[in-house]
Structure formats: C-alpha cells, structure tokens
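Me: Please take a close look at the main nonpolar core of this model and at the helices that build it. I would like one connected account rather than a list.

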Amino acid sequence: MKPETLARMAVVVGDITELDVDAIVNAANSTLLGGGGVDGAIHRAAGPGLLEECRLIGGCPTGEARITSGHRLKARHVIHTVGPVWRGGTRGERELLQACYRNSLALAERHGLETIAFPAISTGAYGYPKAAACDAAVEAVGTWMDEHELPHRVLFCCYDSEDARLYRERLQREQDGNWSGRNGS
Ligand code: AR6
C-alpha cells in the first residue's frame, strides 16, 4: 500500500450514526429492510424515510452495495452493503467481504463523495472472525485507494476499543512494511 494511501485512512471508535461524513456504510441484510446491530442503529437514527427509500430498491445481493440519502443522519448518504455470513471460511467469505468494501467505494466514487466511514462488516451477527475481517477490509480498501482518488478519506469506525486496536495494529504493520520496503531491510 502506498504511504499516501495510509495517510488517507483513520480509525475512529464510536457510533457510526454520529459521524459527519459524506457517506456511512451500513452492514445490511439482503432485504435492505432493517435489522439489528449497526443496521438497526442507522435506521433508528435516520428515521422512517430511510426504510421507505430502501423499500423502493427491492433488496441487494451479498457482496453488492446500494446508495440512499442519509435522511435525518448527519451523513449525507448511506451506502448499504450485504456482508457474507461466516461459514468456516471456505465459501468465498473473504472475496465477498472484500467485494462489499470495493463496491461501496466504487459507489462513493461514482457519486463524487470525499469521505466515507465503514463499520466492521459481517463481524457481528454474521460471525466473521474479527482479525480476519479487519485484514480483508484493510487490504481491499488499500488496494482501491492506491488506484483511485475518491473517496479521498476512509474512516474505519470501530464500535469498541478492542476492534480499534485490531485496525490500528493492522495499519501499523502496513506502515512498518512500507518503511522496511523503502530501506530494503
Ligand atoms: N456503530 C458502529 N459499529 C457498530 C454499531 C454502531 N452503532 N453497532 C454495531 N456495530 P452487525 P453483520 C458493529 O451485527 O455482522 C443486522 O441485523 C458491531 O460491533 O451490525 O454484518 C443486519 O440486518 C460489529 O463489529 O452486522 C443483518 O441481518 C459490526 O458493527 C446482520 O445484522 C457489524 O455487526 C448483519 O450482520
């Protein structure tokens, strides 16, 4: 990953519904009609208009993404993506999870969005192991940002400090790799 890409990423701890960004990403299910976890929190904070807009979309397959307005959220948009359910890691879970990140970023770019915040997709109700999900997320986002100017800034929004520690360690390893790469050691 390019050093400039790393500088465009940050880890924040807290509730994604409170972030003032161009788009927050929702870890939805394929109905797009709401649920628990971060999905429930986003629908509660956005108000009923979000559900009405989601109904018009009519669902979203795993690994894909759809965009709506942010309604009552501070965020201008919500990008809904459907992560894979963890089934042991042999059913293409990593590819599908990375597709969620990539397709969300591609939608953001298409809409000219500068800042986007991701939750740790699939790591709650869908059971994806947290460290493996973090690794897949950082790799997918880094690859995208190395090649694209938009979104300019990506936030990994962690609900607790344990998740944040995983992301910070993962980004630190990336930084160490860049450093040793430049110095040939
Ligand atoms: N802000 C940021 N992160 C949050 C928040 C929040 N307000 N609330 C939870 N998280 P999950 P999934 C974290 O279960 O695994 C829903 O019912 C949480 O700690 O929300 O992709 C959908 O409708 C975890 O790290 O999403 C689907 O049916 C992460 O968000 C299903 O759950 C993801 O946990 C999707 O499951």
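Reply: What follows describes the core, then its helices and some individual residues, and finally the main pocket. The model is a predicted one, and each statement below should be read with that in mind.

The largest nonpolar core has 36 residues, and those that touch the most other members are Ile79, Tyr101, Ile116, Phe118, Val141 and Tyr167. Two or more residues each are given to this core by the strands S1 (9–13), S2 (23–28), S3 (65–69), S5 (115–118) and S6 (153–158), and likewise by the helices H4 (93–110), H5 (130–147) and H6 (161–183). Of these elements, H5 provides the largest share, with nine residues. In soluble globular proteins, nonpolar side chains tend to be buried together. A second core, separate from this one, holds 19 residues, including Ala10, Ile42, Leu155 and Cys157.

Ile116 shows how distant stretches of the chain come together: leaving out residues up to four places away in sequence, Ile116 touches Ala23, Val25, Ile79, Ser104, Leu105, Ala108, Pro151, Arg153, Val154 and Leu155. Leu155, one of these partners, is itself a member of the second core.

Turning to the helices, H5 has 18 residues that should span 26 Å at 1.5 Å a residue, and because its end C-alpha atoms are 26 Å apart, the expected and modelled values agree. The buried residues in H5 are Ala133, Cys134, Ala136, Ala137, Val138, Ala140, Val141, Gly142, Trp144 and Met145. H4 likewise has 18 residues, and its reach of 26 Å from first C-alpha to last is close to the 26 Å expected at 1.5 Å a residue. Buried in H4 are Glu93, Leu97, Gln98, Ala99, Cys100, Tyr101, Ser104, Leu105, Ala106, Leu107 and Ala108, and just after this helix Gly112 takes a positive phi of about 70°.

Gln98, which lies in H4, has a relative accessible area of 11% and is therefore buried. Beyond residues up to four places away in sequence, Gln98 touches Ala136, Glu139 and Ala140, and of these partners Ala136 and Ala140 are among the buried residues of H5.

On strand S1, where Met9 is found, the relative accessibility of Met9 is 7%, so this residue counts as buried. Its C-alpha atom is separated by 8.7 Å from that of Gly142, although the two residues are 133 residues apart along the chain. Apart from neighbours within four places in sequence, Met9 is in contact with Met1, Val138, Val141, Gly142, Met145, Arg153, Val154, Phe156 and Leu171.

A charged residue is also buried in helix H6, where Asp163 lies: its relative accessibility is 6%, so Asp163 counts as buried. Setting aside neighbours within four places in sequence, Asp163 is in contact with Ala120, Lys130 and Cys158.

Ala120 leads on to the largest pocket, since this residue is named with Ala27, Gly37, Val38 and Gly124 as lying nearest the pocket centre, out of 29 lining residues. The space in this pocket is about 570 Å³. At least two lining residues come from each of S2, helix H2 (37–46) and S6, and H2 gives the most, with five residues. By class, the lining is made up of 13 nonpolar, ten polar and six charged residues.

Technical notes:
Residues are numbered from 1 along each chain as its sequence is written. This is a predicted model: local features need pLDDT of at least 70, side-chain atom pairs count only at pLDDT 80 or more; totals for chains, interfaces and linings use all residues. Side-chain values use heavy atoms; hydrogens and water are left out. A nonpolar core is a set of buried Ala, Val, Leu, Ile, Met, Phe, Trp, Tyr and Cys residues joined through side-chain atoms within 4.5 Å. Buried means under 20% relative accessible area, exposed over 50%, partly exposed in between (1.4 Å probe, protein chains only). Helices (H or I, at least four residues) and strands (E, at least two) are DSSP runs, numbered from the N terminus. Contact means heavy atoms within 4.5 Å. On a 1 Å grid over the protein atoms alone, a cavity is a set of points where a 1.4 Å probe fits but cannot get out, and a pocket is an open set with protein on both sides within 12 Å along at least five of seven lines; lining residues have an atom within 4 Å of a point. Grid points are joined across faces, edges and corners, and a volume is the space filled by probe spheres set on the points. Ala, Val, Leu, Ile, Met, Phe, Trp, Tyr, Cys and Pro count as nonpolar, Asp, Glu, Lys and Arg as charged, and the others, Gly among them, as polar. The expected span of a helix is 1.5 Å times one less than its number of residues.
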